[in-house]
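Colleague: Pick one helix and give me a close look at it, please, then work outwards from there to whatever else is worth seeing. Take your time; a long answer is fine.

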Amino acid sequence: MGVPEKLAERMSMAEQHEYLRSRFSRRTMIRGGAVTLGAVAGGAFVPGAVARAATPAGRPATETVDGALVAPFGRHLAYGDDPRTEMTVSWQVPVAVKKPFIRIGAHPWDLSRKIDAEVRALHTPAGVGASGDHTQYYVHARLSRLKPGRTYYYGVGHTGFDPAEPHLAGTLGTFTTAPAKAEPFTFTAFGDQGVSYHGLANDALILAQNPAFHLHAGDIAYGDPAGQGKTSDTGFDSRVWDQFLYQTESVAKQVPWMVAYGNHDMEAWYSPNGYGGEQARWELPTDGPDRHNLPGVYSFVHGNTAVISLDANDVSFEIPANLGISGGTQTTWLERKLKAYRADRDIDFIVVFFHHCAYCTSTAHASEGGVRKEWVPLFEKYTVDLVINGHNHVYERTDVIKGGKVAKELPIGGTAYPETDGVVYVTAGAAGKSLYAFSADQSYEGHEKENDAVSSFLCVEGGRQAETVAWSRVRYLDYSFLRVDVTPAARGRLATLTVRGIAETGERVDHFTVARRAR
């Protein structure tokens, strides 16, 4: 993306951003005829920039585009701060349009409610990676005062394209808000998807699970294929995001697609923290410790289950481009959230998801020492029920771990009791990108192999530290995802998380249960 590799290795994400901004200065872009409103304002994107945003050289002026010729695409949902009453609908348009909006109603024939939407124009100049001179238009509509447990119909449009017109009825989507009280539900999860046949196949399988929401544990589209948080990656291509959002639309237009940010999601051009592009593309819950620097850190509650998204780039020794960006505020916020959720009698389960692995034996990245140092003690202190990671392109599941050791063996089909046993960690990073490898044999449902001594390593400050581990219970090396069925219970009885690893073929490769006595 423009910085010599040796120089980039010594630069933080903020320093790389400053380097790119000085190289591709306003003067350079004006000379090249590639100025957008976002570039003139000095930012990556400008909230509310719509029809009058200038377009790259060679494109017709925005005012001349007939809105009837422009169809929205890439719809994706995300919960607001309260999943019972808030939802954000996001989408793209290929050129700037006039007065974008969303229509919403309880029936497909009654979409009389019309709400204005916000456009975020994201400009990538020629020379920043491989995407040429490119402007993307991301549109967001925040919906509030919805009713819990209700299915809504919606359509997105703009001047010249009204989804309420009969001939556009096929463009309508639906979503369902979280229930007002605890009910059985399913959610799905994976990491490291990108754009591929395998990613598309996993999306189709996920849609068939009818999940209430989906967790994507980082490395979302791979617009930056190197993932080192460096600007020296000449393969960076912002247009990959267009392909990704189009690919996932079949699911994400009706299932809230809740993302955490991984190392491939840091893009130095757009902002000092590398997340300016992500902030243009996604609108996530806002209860995190620092929405500006850590936009992928948040939490939400669905029924009896609290979900926490973390940004492991903040604690990663392996890829330190954003190491320490929060100044410790993320960990402080995490403990405050865990303490509050564990004290809430309406919440049985706490699920935490983020990118870099706490425990994994893949030969590519293995385990992240920063995560073990900063967060694992808190997971154990507050008896987190399930931790979901990506980063390593494999499926791997641990025994129950406490204090870095096996507290209880958890065979396939077994049950863990976090209140007394410890924490179970799942790496579900085989969503679509090329697969990695294990140092030990695979071991999964129907093909179990006992192996109490697996050679691996831990990423620590300054390099890798070898370790031999006994906690690696299930290892599966093919495309897959995670399905979790949540079953509440009456007070005093056991509520359960039934967790399954499902291969791209539909075959079950792992299953276990997490049980906790409902209060």
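Modeller: Helices here are DSSP runs of H or I with at least four residues, strands are E runs of at least two, and both are numbered from the N terminus. Counted that way, the chain has 10 helices and 28 strands. Keep in mind that this is a predicted model. The pLDDT averages 89 over the chain, and 89% of the residues score at least 70. The stretch to be wary of is residues 26-62, where the pLDDT is below 50, although the model gives this stretch 74 contacts beyond near neighbours in sequence. Where pLDDT is low, the predicted coordinates should not be read in detail.

My pick is α8, which runs over residues 329-343. From the first C-alpha to the last, its 15 residues reach 21 Å, close to the 21 Å expected at 1.5 Å a residue. Now go round it. Q330, T331, W333, L334, K337, L338, Y341 and R342 are the buried residues of α8. They span an arc of only 155° around the axis, so they sit on the same side of α8. Turn the helix to the face away from that buried side and you meet the exposed residues R336, K339 and A343.

What does the buried side pack against? Three strands that come up there are β13 (298-302), β14 (305-309) and β15 (349-353). The buried residues of α8 also pack against the helices α9 (369-374) and α10 (376-381), and against β28 (508-517).

That last contact leads into a sheet. β28 is one of seven strands in an open sheet with mixed pairing, in the order β12-β11-β10-β26-β27-β28-β21. The edges are β12 (257-260) and β21 (415-416), each with a single partner strand, so one side of each has no neighbour in the sheet. For β21 that partner is β28: the two pair in the parallel sense over two bridges, and A416 has V514 of β28 as its bridge partner.

Step back along the chain from β21 and you reach some charged pairs. E409 lies in the loop between β20 (405-408) and β21, and R473 is in strand β25, so their pairing ties together parts 64 residues apart in sequence. Their side chains meet in a salt bridge at 3.5 Å, N to O. R473 also forms a salt bridge with D399, where the closest N and O atoms are 2.8 Å apart. That pair links distant parts of the chain too: D399 is in the loop between β18 (395-398) and β19 (400-402), R473 is in β25 (residues 472-476), and 74 residues separate them. Both D399 and R473 are buried. For R473 the relative accessible area is 12%, and the cut-off for buried is under 20%.

For a local pair, try helix α7 (residues 276-281), where R281 and E278 lie three residues apart, about one turn of the helix. Their side chains form a salt bridge at 3.7 Å, N to O. R281 and E278 are both buried. The whole structure holds 26 salt bridges.

One more stop, the hairpin of β23 and β24. Strand β23 (residues 454-460) and strand β24 (residues 463-469) pair in the antiparallel sense over seven bridges, with S455 opposite T468 of β24. Two residues lie between the strands, and G462 takes a positive phi near 95° in this hairpin. β23 is mostly covered, with five of its seven residues buried. It also has a parallel neighbour: two bridges join β16 (residues 367-368) to β23, and E368 of that pairing stands opposite C459 in β23.

As for the chain overall, buried residues make up 59% of its 519 residues. Of the contacts with a separation of 6 or more, 73% come from residues 24 or more positions apart.

Methods
Residues numbered from 1 in each chain as written. Predicted model: local features only at pLDDT ≥ 70, side-chain atom pairs only at ≥ 80, totals over all residues. Heavy atoms only, no water. pLDDT = per-residue confidence, 0-100. Contact = heavy atoms within 4.5 Å. Expected span 1.5 Å × (residues − 1). Buried < 20%, exposed > 50% of the residue type's maximum accessible area, 1.4 Å probe, protein only. Arc of directions from axis to C-beta. Pairing = 2+ DSSP bridges. Salt bridge = Lys/Arg side-chain N within 4 Å of Asp/Glu carboxyl O.
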